Number of protein chains: 2
Amino acid sequence: MMTIKDVAEKAKVSTATVSRVINNKTEGITEEMRRHVQKVIDEMGYTPSGLARGMVTKKTYTIGLVIQNICNPFFPKMVSGVESIAYKNGYMVLLCNTDENIEREKNYVSILREKRVDGIIITVSNGKDKEYISNLTAGNIPFVFLDEIAEDVNCVCVDNESGAYKATTHLIELGHKNIACLSGPDTSITNLQRVKGYRKALEEANLPIREELILKGTYKADSGFKNTENILNRYNDVTAIFCANDFNALGAYEAAMAHGKKVPEDISIVGFDDILDIPANNFAFTSVSQPTYEMGQEAAKMLIDIIDKKELKDEVVSFQPNLIVRDSTSTPK
Amino acid sequence: MMTIKDVAEKAKVSTATVSRVINNKTEGITEEMRRHVQKVIDEMGYTPSGLARGMVTKKTYTIGLVIQNICNPFFPKMVSGVESIAYKNGYMVLLCNTDENIEREKNYVSILREKRVDGIIITVSNGKDKEYISNLTAGNIPFVFLDEIAEDVNCVCVDNESGAYKATTHLIELGHKNIACLSGPDTSITNLQRVKGYRKALEEANLPIREELILKGTYKADSGFKNTENILNRYNDVTAIFCANDFNALGAYEAAMAHGKKVPEDISIVGFDDILDIPANNFAFTSVSQPTYEMGQEAAKMLIDIIDKKELKDEVVSFQPNLIVRDSTSTPK
DNA sequence: ATGAAAGCGCTAACAT
DNA sequence: ATGTTAGCGCTTTCAT
């Protein structure tokens, strides 16, 4: 591998001069010299070492992006949003898939530290564990939390409560009175906020909150399936289900079908995240949509801002989610 | 930021000893000393610098992954496959989104060189441009081409010809005789192979190849839409369309609808890539599915193999695609 | 078993 | 305007 020294020798100049050229320094170098050195660089096909440069400048122009699972359709746009802003600002992104595994999450963050990334964007799986969060953010690396919220850190998120409120209110306005709620994991603040929004909507509509209709679960389809089966077996007055995310909605849909119930004729289902939005289908879910691309962009902007200004300000940017009404909700029979 | 020197001083040992501990060297160090140093490291919360290490070892344990667009549902699983194998082997992946923009592709590769990645996995947009390819792979960085094929390089791909052959044969077996072919960009070898498979199927079935039914296009939905409109306007004997990818199929579907034709009753459509496979829908496309996760894994394995053995062998690993018959194909009326 | 010191390829401060 | 040189934080010989 060629070095700056090789170039300097070939061009019969000092390494400092070569350095001035590859870094586009304007002062202290004549146009003629610049052209001369550049020519040698091009001829030799020299590429400076980012490692060496990073060592002395203390900057790597690399950020880490820790996400749960790129295969979950919720994330690609977010990743793309991050990448687009990063690229525009000269940064590259190291992709870290955690599979919602806390150990892997920790491990990745530690490797990112070793790699001396300039900052980290992370979608944590457990925003409630304060000790965990503070261990994560220990050290002087800028952090931005994306999607999931945590306290005392910079966050880009969506107003989950408002989203859930909109979804539930939609069901209420359609005429539903007995609405079940399939919640996600209670380690997730996001989920807690969604349940809160569900409750708020019922309260404001003066509908009773039936605790037995609020089921704990996970963000997976099998959880939605099981919980819906339970609901359907026990309470035949339930005509609608608010799901904490679309995988739950998918499970709910399948359980309803298995139960001989039609969606939306017999039972209405609202999801959250809007990841089931492939066009050209006859049937699509009503769901709360998040502007994931913009959220990714915002997170990257915020991170780069912090990196540049080196100030951590514990800011929270909250996006408004959007209820998209489609085919899985209708008035009750 | 702490350095190995700080640790050495605190532990009253040399930096060499600390280095032995952080690298888990077994020889030349007593268990007692290891424990002592490790304790100091833990207390101080020291994280070694990967940059400094990389400079001397000439290894970064980082690979670059250059893909067209993570938002295209075809790619996330591929990325995930790459990431899973990389992680297992101690590598991280730098994600590079190119938007099929050749300039951006080149630029990213050049940045990856600067970062001294150990290798690059790339899904090029133009496998036919030999000069471009050889410029890309110039230098001693190991390359593996994924999805799209190029000559004289290590490749992981799918047998596109066979996939197209299966898809077209499926239509023929259903009884279709006049089958159009919406092809993708002719800069893509992948696309050329798919068209080849289409032709082969017709030939083997002794069906005439009507060149006017083979339309050039891109991999986007609007191309499929326009081409289908043309077909429908001119040739009303066409009862089936083979599409070079699913976006084309989507466009074809919409054009058919706009034309008052029902799918599959009036016209059958086969896609390629199987990216429209969201469950719980009443309608889904018949498509040729690629094992993208496995392909990603294989590419990562191959790359790490090359990195370890430092031998470039111009190997081509070809996966068999699978025709998934769903609701967009049936016998002609 | 442990330590001293050279060197990886750059940048930046200081000389010239 | 250009050059000299001291690090940046590690690993790796080579001594001891």
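Helices, numbered from the N terminus, are DSSP runs of H or I with at least four residues, and a residue is near a strand if one of its heavy atoms lies within 4 Å of it. The model is predicted, with local features needing pLDDT of at least 70 and side-chain atom pairs counting only at pLDDT 80 or more, while totals for chains, interfaces and linings use all residues. Residues are numbered from 1 along each chain as its sequence is written, and side-chain values use heavy atoms, with hydrogens and water left out.

**View 1. The protein surface near DNA strand D.** In chain A and in chain B alike, α2 (15-22) and α4 (50-57) each supply at least two residues of this surface. Of the 28 residues around DNA strand D, those that come nearest are T17(A), R20(A), K58(A), I4(B) and S19(B).

**View 2. Phosphate contacts of DNA strand D.** Polar contacts are pairs of N or O atoms within 3.5 Å. A polar backbone atom of I4(B) is 2.5 Å from a phosphate oxygen of DNA strand D, and a polar side-chain atom of S19(B) lies 2.7 Å from a phosphate oxygen of that strand.

**View 3. The protein surface near DNA strand C.** Among the 27 residues that surround DNA strand C, the closest are I4(A), S19(A), T17(B), R20(B) and K58(B). Of the strand C atoms within 4 Å of the protein, 69% belong to sugar or phosphate and the rest to bases.

**View 4. Phosphate contacts of DNA strand C.** The side chain of S19(A) places an N or O atom 2.6 Å from a phosphate oxygen of DNA strand C, and for a polar side-chain atom of R53(A) the distance to a phosphate oxygen is 2.9 Å.

Definitions and conventions:
Chains are lettered from A and ligands numbered from 1 in the order in which they are written. A polar contact is a pair of N or O atoms within 3.5 Å; within protein, one must be able to donate a hydrogen and the other to accept it, and residues adjacent in sequence count only if both atoms are side-chain atoms.
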